[in-house]
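Reader: I am new to this structure. Please show me how to read it, one feature at a time.

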Amino acid sequence: MLYRISFEFRLTRLVPWTDDGVDFYSHVETVRSKVEAAEAIEEVRAVTNRAKSSLTLDFTIEAARHQLAEERALDLVRSSIEASGARHFGMSPVGPSLTASAGASSGMETPVWHRGRILIGAAA
């Protein structure tokens with residue numbers, strides 16, 4: 001079965017993004033392309049608002065059940081963020097006490113993805 005998953009994030013870092021936003025958009029595209037490269041993933045979109053440091057990442061994923069789709073999507077997005085040299089909060093599979101991940105680095109220019117809502121539903 002196909003499911004549509006939508007993740008809402010706030011994307012920050014300690015050093016401000018450049019005025020033209022090239023570094024912001026380039027980083028988002030890197031993560032988006034890693035998600036898109038995964039098997040059983042279709043129609044990956046990233047909708048950004050750099051002024052608010054927010055973005056929505058949504059895609060279609062194939063899974064047998066709703067719970068499996070959510071678990072696979074969390075794992076895929078988490079690993080794509082980490083593989084892009086960023087950190088994340090709220091993506092840990094372990095539980096609420098371990099919500100942060102170091103990802104690949106922890107420098108001043110390291111992007112940090114703060115997870116908001118996750119929306120999931122059957123794809124039409």
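Reader: Which residue of E6 does Arg10 stand opposite?

Author: This is a predicted model. In it, Arg10 faces His114 of E6. That position belongs to a strand pair: E1, residues 2-12, lies alongside E6, residues 112-122. The pair is antiparallel and holds 9 bridges.

Reader: Which strand runs parallel to E6, and how many bridges join the two?

Author: That is E4, made up of residues 87-89. E4 and E6 are linked by 3 bridges. For one of the partners, look at His88: its mate in E6 is Trp113. E6 thus appears in an antiparallel pairing with E1 and in a parallel one with E4.

Reader: Let us turn to helices. What span does H2 reach from its first C-alpha to its last?

Author: Compare the span with the one expected for the number of residues. H2 covers residues 66-83, 18 in total. Its end-to-end reach is 26 Å, close to the expected 26 Å.

Reader: Which residues of H2 are buried?

Author: Buried means under 20% relative accessible area. In H2 that applies to Ala69, Ala73, Leu74, Leu76, Val77, Arg78, Ser80 and Ile81.

Reader: What covers the buried residues of H2?

Author: The cover includes another helix, H1, at 22-36. It also includes strands: E1, E2 (41-49), E3 (54-62), E4 and E6.

Reader: What follows H2?

Author: Gly85 comes after the helix. Its phi is positive, near 80°.

Reader: Now a loop residue. Where does Ser53 lie, and is it buried or exposed?

Author: Ser53 sits in the loop that connects E2 and E3. Its relative accessible area is 18%. The cut-off for buried is under 20%. Ser53 is therefore buried.

Reader: Which residues does Ser53 touch?

Author: Leave out residues up to four places away in sequence. Then Ser53 touches Phe9, Arg10, Leu11 and Phe24. Arg10 is the residue that stands opposite His114.

Reader: Step back to the whole chain. How many helices and strands does it have, and in what order do they run?

Author: The protein chain has 2 helices and 6 strands. Start at the N terminus and read β-α-β-β-α-β-β-β.

Reader: How much of the chain counts as buried, and what share of contacts comes from residues 24 or more positions apart?

Author: There are 124 residues, and 36% of them count as buried. For contacts, take those with a separation of 6 or more. Residues 24 or more positions apart supply 65% of these.

Reader: And what does the accessible surface come to?

Author: About 6,800 Å² for the protein chain. Carbon and sulfur atoms account for 52% of that surface.

Key. Residues are numbered from 1 along each chain as its sequence is written. This is a predicted model: local features need pLDDT of at least 70, side-chain atom pairs count only at pLDDT 80 or more; totals for chains, interfaces and linings use all residues. Side-chain values use heavy atoms; hydrogens and water are left out. Two strands pair if DSSP finds at least two bridges between them. Helices (H or I, at least four residues) and strands (E, at least two) are DSSP runs, numbered from the N terminus. The expected span of a helix is 1.5 Å times one less than its number of residues. Buried means under 20% relative accessible area, exposed over 50%, partly exposed in between (1.4 Å probe, protein chains only). Contact means heavy atoms within 4.5 Å. Accessible areas come from the Shrake-Rupley method with a 1.4 Å probe; for residues, only the protein chains shown count as cover.
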